[in-house]
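Q: I should like to learn how the features of a protein model are read, one at a time. Please begin with a pair of charged side chains.

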Amino acid sequence: MSTFTVHKEKITCMTMIGDIIISGDRGGNIFLLDANNPNGDEYISHLTVDFVPRSFLHPPTYINKLLILGDRELELWNVRSGKRIFCFTEESNALGKLLAGYGDNKDGALKPTELSLGTAMIAENEENLATLQITAIANSPALDIISVALSNGLVVLLNLKEDRIVQSFRSKDSRVTCMSFSNVELPLIVCGTEHGEIIVWDLNNEKILSRLKSAHAGYISYLHFARNELLFYSGCEADNSLKQWQYDSAEDTMFYLLRERSGVSANIKKLRFYGDEGYHLFVSSFAEKAELRDYFIMNETFNGDFSLVSLPL
């Protein structure tokens, strides 16, 4: 076990690439740490950005390169030299035009407050544009292509090498919080929203393939397509659950819930083992609604939920 003490301010994001831990804090400090190094005050590299980092992404084949995401910033850095290579959100660049409310017009001029991008045509007022933020980024199976989600529900596919938006679509009801691409013959992107909905887009036909309403109880924080399968995982902090969704063309929604593992949604109040063999675990929590669950530790099929009315403290 190692403890790192390099940060002086609150950590805002963290990821791991191989044995390298990458972490950022509110002061714009980003450290690359060796997970196998027991000396907590040592680091491999230190970067400083002029915004609060919210997420990191390492594009495939981009050796020593790291995408750093802020609320309205997306920059590519060389972590070995410690230098910024490119800022995708400068107003003259593709994402910068989006955040500023400009789109490519047919006559070559820039027209404010109208985003005209492939199949997405979105009119925004200036107040909304001032608060427009980047909410999520994800790698795609295609080289140089990533997805970028904005707080107005717009999702764009960005070519990093050419600084060009190649495709776009929109979730009208709520903002996208996480994304993942399939890597099979049927190219799909799955998007999770702040209200617990999961939307699967068919990239070839540019339409929604599946919409899973109320897939989770709230903000979806994790999505991941399994390799070489039409199967993905979703995770949510609000309902403390991890779910597995399987593709089936016979289903109305195209995807159905295959498996689920979940815990209680609030801090545990009481926990007891029951049964002759002690295989049953009863758990109650401090949730606002009554929550009493039976976990059978040998087989999840026999789990039960007994929450009906408010439980006495």
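A: Side chains of opposite charge can pair when their charged atoms come close. Here Arg211 and Glu197 meet through their side chains in a salt bridge, at 3.0 Å from N to O; the term stands for a side-chain nitrogen of Lys or Arg within 4 Å of a carboxyl oxygen of Asp or Glu. This pair links distant parts of the chain, 14 residues apart: Arg211 is in strand 20 (residues 207–212), and Glu197 is in the loop between strand 18 and strand 19. Strands, of at least two residues (E), and helices, of at least four (H or I), are DSSP runs numbered from the N terminus.

Q: On what kind of model do these statements rest?

A: This is a predicted model, in which local features need pLDDT of at least 70 and side-chain atom pairs count only at pLDDT 80 or more, while totals for chains, interfaces and linings use all residues. Residues are numbered from 1 along each chain as its sequence is written, and side-chain values use heavy atoms, with hydrogens and water left out.

Q: Is Glu197 buried or exposed?

A: Buried means under 20% relative accessible area, exposed means over 50%, and partly exposed lies in between, with a 1.4 Å probe and protein chains only. Glu197 counts as buried because its relative accessible area is 8%. Arg211 has a relative accessible area of 31% and is therefore partly exposed.

Q: Which other side chains meet in a salt bridge?

A: Glu194 and Arg175 do so, at 3.3 Å from N to O. They too are in distant parts of the chain, 19 residues apart: Glu194 belongs to the loop between strand 18 (188–193) and strand 19 (198–202), and Arg175 to the loop between strand 16 (164–170) and strand 17. Glu194 is partly exposed at 27% relative accessibility, and Arg175 is partly exposed with a relative accessible area of 27%. Glu162 forms a salt bridge with Arg164, their closest N and O atoms being 2.8 Å apart. Arg164 is partly exposed, at 41% relative accessibility.

Q: How many salt bridges does a search of the whole structure find?

A: The search finds 6 salt bridges.

Q: How is a pocket read, and what lines the largest pocket?

A: On a 1 Å grid over the protein atoms alone, a pocket is an open set of points with protein on both sides within 12 Å along at least five of seven lines, and a cavity is a set where a 1.4 Å probe fits but cannot get out; lining residues have an atom within 4 Å of a point. Grid points are joined across faces, edges and corners, and a volume is the space filled by probe spheres set on the points. The largest pocket has a volume of about 1000 Å³. Its lining has 37 residues, of which Ser55, Ile137, Ala138, Cys178 and Met179 lie nearest the centre. Among the strands that each supply at least two lining residues are strand 1 (11–17), strand 13 (134–139) and strand 17 (176–181). Met179 is in strand 17 and is buried, with a relative accessible area of 7%.

Q: How many cavities of 30 Å³ or more are there?

A: The count comes to 2 cavities. The largest cavity holds about 40 Å³ of space, and its lining includes Pro59, Tyr62, Asn139 and Asp144.

Q: How is the sign of phi read?

A: Most residues other than glycine have a negative phi, and most peptide bonds are trans. Thr61 is not a glycine, yet has a positive phi of about 75°. Thr61 lies in the loop between strand 5 and strand 6 (65–69) and is exposed, with a relative accessible area of 60%. Ser214 has a positive phi near 55°. This serine is in the loop between strand 20 and strand 21, and at 64% relative accessibility Ser214 counts as exposed.

Q: Which residues form a nonpolar patch on the surface?

A: Ile268, Leu271, Phe273, Tyr279, Ile297 and Met298 form the patch, with about 590 Å² of accessible area together. Patches are made of residues with over 30% relative accessible area and no salt bridge, with like charges joined within 9 Å and nonpolar side chains (Val, Leu, Ile, Met, Phe, Trp, Tyr) within 5 Å. Accessible areas come from the Shrake-Rupley method with a 1.4 Å probe, and for residues only the protein chains shown count as cover. Tyr279 lies in the loop between strand 25 (268–274) and strand 26 (280–285), and is partly exposed at 32% relative accessible area.
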